[in-house]
Amino acid sequence: MPDAGFSALPYDELLTCIRCGFCLPVCPTYASTGLETASPRGRLALMKAAADGELAATPRFAREMFFCLECRACETACPAGVPFAHIMEATREVLHERGLSPATASPAGAFAMRHLLPNQRRLRRAVSLAATANRLRLPQLGRRLGMVPPILAEQAAALPPAPGPRRLLDRYAPAGAAKARIALFTGCVMDAMFPATHDATARLLARAGAEVTVIPGQTCCGALHDHAGDRAGAVELAKANIAALEASGADLLVHNAGGCGAMLKGYGRLFADAGEGAAWQDRAAALAAASRDASEALAELWPEGDIGQLDADVTLQDSCHLVHAQKVRSAPRALLGRVRGLRVREMAGADSCCGSAGIYNLTNPEDSAQVLDRKMGAVADTGANIVVTANPGCLIQMRWGIVRHRLEGRLRAVHIMDLLDLAVRGEHATPEAGGRTGQA
Amino acid sequence: MLSDTLRRRLLDALGDGALLESPEALAAYAVAATPLFAGAPAAVALPTTTAQVVAIVRACGEAGVGIVPRGSGTNLSAGTIPDRGGLVLCTARMNRILEIDAANWTAEVEPGAVTASLQAAAAAQGLYYPPDPGSQRISTLGGNVAENSGGMRCLKYGVTRDYVMGLEVVLADGSVVQTGGKNVKDVAGYDLTRLFVGSEGTLGIVTRILVRLVPAPQARGTVLACFAGMEEAAAASAAVIAAHVIPAALEFLDRATIAAVESYQPSGLPTDAAAVLLIEQDGHPAQVADDLATIARVCREAGASDLRTATDPAAADRLWAARRAALPALARLGPVLIMEDATVPRSRLADMVRAIDAAARGQGLRFATFGHAGDGNLHPTCPGDARDPALMARIDRAFEEIFAAALALGGTITGEHGVGLAKAGYLPWRLSPETMAAMRAVKRALDPGDLFNPGKIFAAPRPRTGSALHA
Ligand SMILES: Cc1cc2nc3c(=O)[nH]c(=O)nc-3n(C[C@H](O)[C@H](O)[C@H](O)COP(=O)(O)OP(=O)(O)OC[C@H]3O[C@@H](n4cnc5c(N)ncnc54)[C@H](O)[C@@H]3O)c2cc1C
Ligand code: SF4
Ligand code: SF4
């Protein structure tokens, strides 16, 4: 029973895959399984078979599609320029409509998408609640009572402590005349779990000469909705963000979460796909054009010379959506290279996904753990004592890896903006500080 | 669909998760890198040990179910397409590098090991595995052995065949044979190793591979030379060899390829050039410097219009960017890219390029050709679209003329991609009936039940549609 919904898949794009296999060696799920079905080329063959009416929208088909991390490493490797994520998102939209998206089909997932992520106050409260439960060691208790699966207990234990009051100013002024007017994008998870990183980002940008405002009216970027197949939900959030940026009069919209950035930069395409009118498409494209990752903006604005000083061994774990979707590879490396005393050790496969992948680590915990275990091996090989990331999901995942591999005290995960902030403030790296060094 | 008995036997041998029968899995393994070919298997097996391969071979042999061996599925001759169904035996999980023997300069690997990972493991010991198919980051050693794959370094270093010292192979009756070994000299019996190299999965399943390594060259350098005519470029490559320089690579790009590369990723090539040669030399630094000077001089004398030499790796890498961009640039020209590998003795290079252009023009097509000028192995390519049968038929006819022309020039229908299904109809054009019969006799002797990769290599000859070129 072919599924008519699949006839809407972008067929011309499906045909651009020449099946050369160049994407195989970079795909984390292919590396962990050796299965063609779990490779980009295989997934494209499956999606094409679905579009051709040869495969139906079954739970098994959905399971294959949601096994993909959407890390987009395959897009970077592909000689034919296949827009993999775009095709995958169209497929997932069909599965979402059939109630086959693991993120939106479960009541908890649907609730989080609808009510938690778009509402920063509620999300923060949920995060505090989780942190409190953690402090009381409830996950471990639940695990001993057989009520919580071990892998979940492990993940929960890796969540950062409660963030404390949100110490984010409305406006950060530069010392002299503003080189640029920047609106800081705060997002959902980042804001609720790592508010100090926003504060660090804003202070760094201001120090580099920009006027930074935390604009009102902004909300979640919609990436998690889009990955789960809920395109309508994503568009709704995008419209709020577009209106907020327009009202602010800022030149640039700067984000420090690779996943959010990729989504914001892709608003133009989202609106075209969703069939929004020309006016909305233009407004979406304007937001996309104004979007910059914090590392891009900082690398451009920071005056000549060092960016502070820090005595540590660090390795960078690329954010997939920063490196493969936004194609930002050199900016974070350039910034780290400008910190005096910092020893930067390039990790083998730094641009390969850590297994966080949006909410993949929640929907597919076992698969995610497999990818993570390989990654922790690569981190260990560098000998670094700080693993630097550029996305909250990666940060949480790396913290999970640290707990899972019993590396507490020897390795910590730090957002690049927190690390630079630390360097600028001339503090010394102390392993106790945890992931939220901006507050240490 | 597998019978219950066969399924039970395979599951007993393989355990959970290594036998796939879902419609999704079958769809994924129905295709591979060769455009336009597809066919779903009945099941897919992913063994991890030789013993499991033996069990699969025995069970399938008794059930009369054919086995299609598969590595990474990058071959370009439809060699892994299960067009008759059967079981795909994929070696992706037999991918260990078992040993790098620095004393004897050998390496032993499982068949699913990826070529580039062997190269990296060898390099870590200061050794070098030269065969470098363009697919080296993906292709498996098992696939390389079965296709006798070549690469850019063949002129100087030879092809896969020249590095395989020994094999472990599971035969059709389930017996396991070991061929060759670490001895540089060993004439004890028939050279079965060479028989299995290039056998395209039709004679047995390779389960272990012993290869020769060489010391890693200390230095390398590259010359890039542009020419106003294909003749000059061909003359230059002939002159390089006449000057007794054997370059590590001697690649060329034609006008159409240069244009595609420049519009995809400008790398400063003159778009009015008819051909670009990229010539690399490696070895002792003094020898490399000497050879690069000779190469540059010879190219200049042959009329090179633009000459660039790079002696440090980063600069050389920039020169090679144009060659690396050829495939991505051409792949973007249409939904599919048909790429062949007609090959001629290197003295006939210019004739062959002219014949390719004539064949393409005759069908109202534009081909782009690049390839290995040093060994006469050309890659004429043409963008196609499976939704346009008339276009595909014209492309097919053009290639038919190209193969006929290659044969007329003393060349061959395939230099490195193999016969598989895609070239099976052309093989009798290349080989005499007696030679074909001898090959069939080998196949029958080793695989009487046609268990391994049935239908590959051997097929009825493709009728010649009659072209002026091979008259
Ligand atoms: C972009 C691109 C560039 C390429 N460049 C080159 C090049 O420069 N030179 C070149 O020679 N080729 C090239 N190729 C072709 C291809 O990569 C090679 O033929 C390669 O050796 C195939 O390896 P594989 O692991 O993908 O094998 P597969 O494609 O999986 O299999 C190839 C053949 O080997 C058989 N086989 C696989 N494993 C075994 C085994 N263990 N035992 C017995 N039989 C087995 C299969 O049945 C099949 O007939 C290129 C291909 C692509 C897509
Ligand atoms: S690299 Fe691109 S064209 Fe090649 S198989 Fe993967 S997706 Fe298809
Ligand atoms: S997006 Fe990532 S996980 Fe998904 S197919 Fe591409 S490389 Fe593999």
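Accessible areas here come from the Shrake-Rupley method with a 1.4 Å probe. The model on display is predicted.

**Stop one: the surface of chain B**

Select chain B and switch to a surface representation. Its accessible surface comes to about 18300 Å², and carbon and sulfur atoms hold 54% of that area. Of the 471 residues in this chain, 60% are buried.

**Stop two: the fold of chain B**

Change to a cartoon while keeping chain B selected. The secondary structure comprises 16 helices and 18 strands. The radius of gyration of chain B is 23 Å, close to the 23 Å given by the globule rule for 471 residues, so the chain is as compact as a globular protein of that length. Aligned to its principal axes, the C-alpha trace of chain B spans about 70 × 55 × 40 Å. Contacts may be displayed next: among those in chain B with a separation of 6 or more, 72% join residues 24 or more positions apart.

**Stop three: the charges of chain B**

Colour the charged side chains of chain B by sign. There are 42 positive and 47 negative charges, and their mean positions are 1 Å apart.

**Stop four: the domains of chain A**

Move to chain A and colour by domain. The assignment gives domain 1 (4–97), domain 2 (107–157), domain 3 (171–298) and domain 4 (306–424). Next, select domain 1 and domain 3 of chain A together. Their centres, taken over C-alpha atoms, are separated by 28 Å. Where these two domains of chain A touch, 10 residues of domain 1 are in contact with 8 residues of domain 3.

Key: Residues are numbered from 1 along each chain as its sequence is written. Chains are lettered from A and ligands numbered from 1 in the order in which they are written. This is a predicted model: local features need pLDDT of at least 70, side-chain atom pairs count only at pLDDT 80 or more; totals for chains, interfaces and linings use all residues. Side-chain values use heavy atoms; hydrogens and water are left out. Helices (H or I, at least four residues) and strands (E, at least two) are DSSP runs, numbered from the N terminus. The radius of gyration is taken over C-alpha atoms; the globule rule is 2.2 Å times the number of residues to the power 0.38. Buried means under 20% relative accessible area, exposed over 50%, partly exposed in between (1.4 Å probe, protein chains only). Contact means heavy atoms within 4.5 Å. Lys and Arg count as positive and Asp and Glu as negative; His and the chain ends are not counted. The place of a charge is taken as NZ of Lys, CZ of Arg, CG of Asp or CD of Glu. Domain bounds come from an automatic or database domain assignment.
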